[in-house]
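The exercises below are meant to be worked with the sequence and the model side by side. Try each task before reading its solution.

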Amino acid sequence: MSNGERVDRRWLVYSTVKDRVLCFSCKFFKGDGVDCQLDTNGYNDWYNLGKKLRQHDTCEGHIESMSKWNELERHLKKKETIDKAMQEQIKKEKEYWKQVLVRIVSLIKTLAKNNLAFRGDNEKIGEANDGNFLSFIEMIVEFDLVMQDHLRSFKDQDIHHHYLSPKIQNELISLLAHHVREKIVEKIQEGKYFSVLLDCTSDISREEQMSLIIRSMDYLRTPKVEEYFLGFLKVEETTGLGLFDELKNLLEKLNLDIDDIRGQGYDNGANMKGKK
């Protein structure tokens, strides 16, 4: 100030692009119908700037916007913003779906681990022949409050997404399989060298499929040979070259070096071809 006093105008900001000063509080918190040059185009009459700032500091619109700004800061510090209730509801919803998915994923892992079929002749929960997945969901509901509430909300149409459909089952199986495959590949990479075993057979649609099994050393525990099933491949050609190309492409996708193979085996039906 002209008398040497220092005044903290924290609302005053400078735009390097426009080469003008603006009022932060009025820019974001001014009321309707309030017209102020410092919140729109800004001000760059540097000779009369002091006078302009003093006038702005005492105008009613600026005082009102500063009050709103200070009130918002107080609420933010206390975490009491206007959307606090909404944020609490979102947090509650996230926790609810987390608990539901934990149970569904656990069931899917159990069925897959024990090689049990997921679906039956009927895909409606609570009806006969609805398969292992829905039958176990019904059993869990008898003892678990989370799934009781989930099934009740679904039947009362309070929710439209229940995550019990065959499509969701397949998506979760695919995600879990991808995760498990990544962990297996990490173990194989740690052991570096590995052997491959290919087995070709026709599925129910008479399409040729090739299963891939890899053997490698597990050095994390007592060194021992481990076998890992990495999935089925649809095979267009069952010739030696065709099978090799399929194997090579898959190993490249898994970031496994084909030069690290130290053994191979191939089984087509009852006949073994190739050597380990």
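**Exercise 1: residues with positive phi**

Asn129 is found in the loop between α4 and α5, where helices (H or I, at least four residues) and strands (E, at least two) are DSSP runs numbered from the N terminus. The model is predicted, so that local features need pLDDT of at least 70 and side-chain atom pairs count only at pLDDT 80 or more, while totals for chains, interfaces and linings use all residues. Residues are numbered from 1 along each chain as its sequence is written, and side-chain values use heavy atoms, with hydrogens and water left out.

Task: state what phi Asn129 has, and then describe Tyr163 in the same terms.

Solution. Begin with Asn129, which is not a glycine and yet has a positive phi of about 55 degrees. Its relative accessible area of 56% makes Asn129 exposed, given that buried means under 20%, exposed over 50% and partly exposed in between (1.4 Å probe, protein chains only). Continue with Tyr163, located in the loop between α6 and α7, which likewise is not a glycine and has a positive phi of about 60 degrees. Tyr163 counts as partly exposed, at 30% relative accessibility.

**Exercise 2: the two sides of α6**

Task: determine which residues of helix α6 are buried, where they lie around the axis, and what covers them.

Solution. First, list the buried residues of α6 (residues 145-155), which are Met147, His150, Leu151 and Ser153. Second, consider their directions: they lie on the same side of α6 because they cover an arc of only 160 degrees around the axis, the arc being that of the directions from the helix axis to the C-beta atoms. Third, turn to the face directed away from this buried side, which carries the exposed residues Leu145 and Lys155. Fourth, identify the cover of the buried residues, which includes α4 (84-113) and α5 (131-143).

The two ends of the helix complete the picture. At the start of α6, a side-chain oxygen of Asp144 comes within 3.1 Å of the backbone nitrogen of Val146, and just after α6, Gln157 takes a positive phi of about 60 degrees.

**Exercise 3: salt bridges across the sequence**

Task: say how many salt bridges the structure holds, and place the partners of Arg103 and Asp260 in the chain.

Solution. The structure holds seven salt bridges, each defined as a side-chain nitrogen of Lys or Arg within 4 Å of a carboxyl oxygen of Asp or Glu. Side chains of opposite charge can pair when their charged atoms come close.

Take Arg103 first: its side chain meets that of Asp144 in a salt bridge, at 2.9 Å from N to O. This pair links distant parts of the chain, with Arg103 in helix α4 and Asp144 in the loop between α5 and α6, 41 residues apart. Arg103 is partly exposed, with a relative accessible area of 21%, whereas Asp144 is buried, at 17%.

Next, the side chains of Asp260 and Lys192 form a salt bridge of 3.4 Å, N to O. Again distant parts of the chain are linked, since Asp260 lies in the loop between α8 (240-253) and β6 (261-268) and Lys192 in the loop between α7 (166-191) and β3 (194-202), 68 residues apart. Asp260 is buried, with a relative accessible area of 11%, and Lys192 is partly exposed, at 40%.

A further salt bridge joins Arg9 and Asp57, whose closest N and O atoms are 3.4 Å apart. Here the pair connects the segment before β1 (12-15), which contains Arg9, with helix α2, which contains Asp57, across 48 residues. Arg9 is buried, at 18% relative accessible area, while Asp57 counts as partly exposed, at 26% relative accessibility.

**Exercise 4: His56**

Task: decide whether His56 is buried or exposed, and name the side chain that it joins in a polar contact.

Solution. Locate His56 in helix α2 (residues 49-58). With a relative accessible area of 4%, His56 is buried. Its side chain is joined to that of His62 by a polar contact of 3.1 Å; such a contact is a pair of N or O atoms within 3.5 Å, and within protein one must be able to donate a hydrogen and the other to accept it, while residues adjacent in sequence count only if both atoms are side-chain atoms.

How values were computed:
Contact = heavy atoms within 4.5 Å.
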